[in-house]
Amino acid sequence: MALISQSAVTFSGNLTSATPASDLLRSSINGVNGVPLKTLGKGHVGSMRKGLNITAKVRKVKNHEYPWPQDPDPNVKGGVLSHLSPFKPLKEKPKPVTLEFEKPLMDLQKKIIDVQKMANETGLDFSEQIISLENKYQQALKDLYTHLTPIQRVNIARHPNRPTFLDHVFNITDKFVELHGDRAGYDDPAVVTGIGTIDGRRFMFMGHQKGRNTKENIQRNFGMPTPHGYRKALRMMYYADHHGFPIVTFIDTPGAFADLKSEELGQGEAIAHNLRTMFGLKVPIVSIVIGEGGSGGALAIGCANKMLMLENAVFYVASPEACAAILWKTAKASPKAAEKLKITANELCRLQIADGIIPEPLGGAHADSHWTSMQIKKAILDSMDELEKMGTEELLRHRMLKYRKIGGFQEGLPVDPEKKVNMKRKEEPRPGLISDKVLQGEVNKLKEQILKAKETSSINMDQNGLIEKLRREIDYEFSEAAKALGIEEKLSTMREEFARAENEQLTSGQIENLENLKNEFNENLAKAPNYGRLKYKLNLLKEVTEAKIFAESYKKTLPLKAKVNQKFKEVLEKSNLKQNIETLKTEIEKSGVSAIEEFDQELKEKVLAVKEQIESEFVNALESSGVHVASKVGQPSMSMIKAKVDELNAEINQIIQDVIESTPDLKNKIEILKLEIVKDQNAPSKESKEKIEGLQQQIKEGVAAIMSSAAVKGKYEQLQAELAELSGGSDGSLMKEPSFA
């Protein structure tokens with residue numbers, strides 16, 4: 001074969017610069033060496049003095065921008081892959097976002113800031129007020145986040161500052177290497193995959209990645225994957241299965257990206273392929289829902305042996321807004337839809353769809369993302385320890401049965417009582433979780449009911465339920481106080497001793513131990529951290545008990561009250577009394593005055609005469625019907641009695657003051673007592689408390705001696721005789737009608 005000599009070749013056009021070596025075609029047949037393949041496709045060959053001149057025409061086409069632009073940031077060149085690969089801390093701290101139901105907490109927080117600012121500006125000590133407000137804030141936060149509604153949990157799961165998949169991964173892993181691409185032409189930033197180690201154990205991580213701000217959310221497509229993302233996850237699943245890496249998936253997506261291009265590229269097929277493949281993987285799989293898990297987009301990486309959920313995460317087939325729009329034709333019904341869908345972690349665990357709940361701090365995962373990540377790390381390791389003990393066949397069967405049993409039932413068997421959600425009685429909250437505000441509200445409501453019952457002269461209510469609730473709360477507070485004071489073990493030991501001696505009489509030693517423990521508890525009770533709440537609940541119980549006693553006594557008097565009112569009406573209908581009353585009214589109208597103080601003496605006497613006639617007839621009517629009237633005291637007499645009692649009190653106080661002034665010993669004791677009380681407030685101690693009690697006892701004895709003196713006794717006996725005369729010959733004692741307000 002003849003050899004053809006190589007001629008010099010020159011290139012012109014847009015493709016002549018920076019041509020890769022792998023794209024060059026070397027040929028000895030056509031006598032061309034080092035010509036790009038693309039150049040050979042379309043070119044014009046012309047003769048030149050020193051060789052060939054080849055030019056290429058490149059057809060202009062629209063840049064591919066599905067669904068992200070080639071260069072999302074004009075300052076960073078190189079495409080989506082090179083731009084999104086590094087995950088770095090944000091340069092600026094995320095702006096705090098307050099949800100609608102959290103606004104009352106923000107009001108308290110603003111008050112705390114205002115008081116702190118005032119303290120700094122004035123230099124005054126507002127530490128007590130600040131501590132009180134902070135305690136109120138913490139209690140309000142606890143009450144709010146322990147009684148969240150389903151739609152409130154949805155809002156927390158969508159919180160803009162909620163930690164993302166990569167936030168958690170970098171918190172829990174020692175090393176993490178992100179792996180890119182689906183090996184079919186694209187790398188979806190909405191799905192992140194990679195290999196990482198936890199305590200030296202290697203795992204394959206994959207999950208939905210949302211953005212931490214608007215710019216990142218646009219780049220990550222708001223965590224909504226395209227088919228490329230699911231195929232990337234599928235590639236990593238095969239990789240993990242081949243090398244024996246356990247798989248951990250993080251779910252946080254509103255759903256797969258639903259647009260025309262995604263459907264053209266096979267969105268449904270990509271999800272279905274993932275579902276089928278995950279049931280055949282021979283490595284353990286744990287899925288964690290860290291935010292919202294929407295429809296098939298979440299399930300495509302969620303077919304696991306164990307599915308765990310953060311406390312405020314949600315998992316649904318359709319968002320509450322979409323469900324409300326379908327069923328009630330308006331998205332405003334989303335709270336109702338969220339409740340009916342059963343999408344919270346508690347509901348899904350009860351339905352055996354989720355396998356466990358990972359706790360979050362009060363305020364949501366964004367309140368302390370590192371603490372939340374540590375809880376996730378612990379849950380992953382515990383679950384993997386359990387799953388890695390299973391063989392391959394057992395692992396595959398375990399995964400299959402988890403999903404086969406969902407929604408299963410057998411005809412003819414009674415429904416499990418736990419599943420009768422709508423038929424179950426509402427369970428009482430666990431003691432300690434009911435807020436003081438709720439308890440106070442119930443007590444106030446009971447008071448209002450009693451007052452309304454008094455006005456309508458009919459009372460029919462049950463206070464026993466509230467009393468039992470308060471007693472449970474008080475028992476709980478006593479138990480917490482015993483734990484805090486460190487005497488719980490002693491109580492447990494004593495209970496065991498009493499249980500053994502159930503049918504036997506207690507020994508003197510046991511009784512003495514019981515008394516000692518009781519005294520120790522009572523002495524130190526004020527030091528318990530929950531003493532304030534305990535005292536508050538005891539006062540509430542006292543109020544409710546008094547209300548119950550009043551209600552019972554008032555209920556007993558209702559028949560008598562009705563009888564008395566009926567008799568009074570009958571008395572007023574008597575012709576002679578009716579005529580006297582009408583005559584008196586006419587004379588009062590003629591006089592032209594309305595106040596009894598302005599009446600002349602003659603008119604006053606006529607009013608008193610008619611009044612006495614009515615009282616006499618009324619008493620006779622009651623006596624004739626079997627109602628005994630012990631005594632009657634008129635309004636003027638009551639005023640005189642009050643004046644006499646006040647006069648006696650003033651005289652006795654003056655006598656006591658004179659005796660104290662004339663008794664230096666008693667006066668000194670009172671001064672010492674005042675100093676000891678001030679001293680005890682600043683630095684409380686057992687010795688100071690005992691000294692105060694001793695001084696109080698001595699002063700009481702001195703005052704009792706004064707009260708037993710002849711001067712005071714004489715005045716008291718004189719007043720008693722006057723009261724007896726005023727009350728119509730009774731013993732002078734005044735019975736006070738029970739009252740409640």
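Buried means under 20% relative accessible area, exposed over 50%, and partly exposed in between, with a 1.4 Å probe and protein chains only. Helices (H or I, at least four residues) and strands (E, at least two) are DSSP runs, numbered from the N terminus. The model is predicted: local features need pLDDT of at least 70, side-chain atom pairs count only at pLDDT 80 or more, and totals for chains, interfaces and linings use all residues. Residues are numbered from 1 along each chain as its sequence is written, and side-chain values use heavy atoms, with hydrogens and water left out.

**Exercise 1. Describe the cover and the pairing of strand S11.**

Step 1. Strand S11 spans residues 306–310, and five of its five residues are buried.

Step 2. Sort the side chains by direction. Lys 306, Leu 308 and Leu 310 point one way from S11. Met 307 and Met 309 point the other way. In a regular strand, side chains alternate between the two faces of the sheet.

Step 3. Find the partners. Two strands pair if DSSP finds at least two bridges between them. Strand S10 (residues 285–294) pairs with S11 in the parallel sense, over four bridges. S11 also pairs in the parallel sense with strand S13 (residues 356–358), over three bridges.

Step 4. Follow Met 309. Met 309 is the bridge partner of Val 289. In S13, Met 309 stands opposite Ile 357.

**Exercise 2. Locate the largest nonpolar core and place Ile 247 and Phe 205 in it.**

Step 1. Fix the term. A nonpolar core is a set of buried Ala, Val, Leu, Ile, Met, Phe, Trp, Tyr and Cys residues joined through side-chain atoms within 4.5 Å.

Step 2. The largest core has 53 residues. Phe 205, Ile 247, Phe 250, Ile 288 and Met 309 have the most contacts inside it. Helix H15 (residues 369–387) gives the most to this core, with six residues. Apart from it lies another core, of 20 residues, among them Leu 446, Leu 470, Ala 482 and Leu 525.

Step 3. Take Ile 247. Ile 247 lies in strand S9 (residues 247–253). Its relative accessible area is 0%, so Ile 247 is buried. Contact means heavy atoms within 4.5 Å. Beyond four places in sequence, Ile 247 touches residues including Met 204, Met 237, Leu 281, Val 286 and Met 384.

Step 4. Take Phe 205. Ile 247 and Phe 205 are 42 residues apart in sequence and 6.1 Å apart in space, C-alpha to C-alpha. Leaving aside neighbours within four places in sequence, Phe 205 is in contact with Phe 165, Phe 176, Val 248 and Phe 250, among others.

**Exercise 3. Classify the ring pair of Phe 279 and Tyr 403.**

Step 1. Set the cut-offs. Rings of Phe, Tyr and Trp (its six-membered ring) pair if their centres lie within 6.5 Å; planes under 30 degrees apart count as stacked, over 60 as edge-to-face and the rest as tilted. The structure holds nine aromatic pairs.

Step 2. The centres of Phe 279 and Tyr 403 are 5.5 Å apart and the planes stand at 85 degrees, so the pair is edge-to-face.

Step 3. Place both rings. Phe 279 lies in the loop between helix H10 (267–278) and S10, and Tyr 403 in helix H16 (residues 392–404), so the pair ties together parts 124 residues apart in sequence.

Step 4. Check exposure. Phe 279 has 32% relative accessibility and counts as partly exposed. Tyr 403, at 22%, is also partly exposed.
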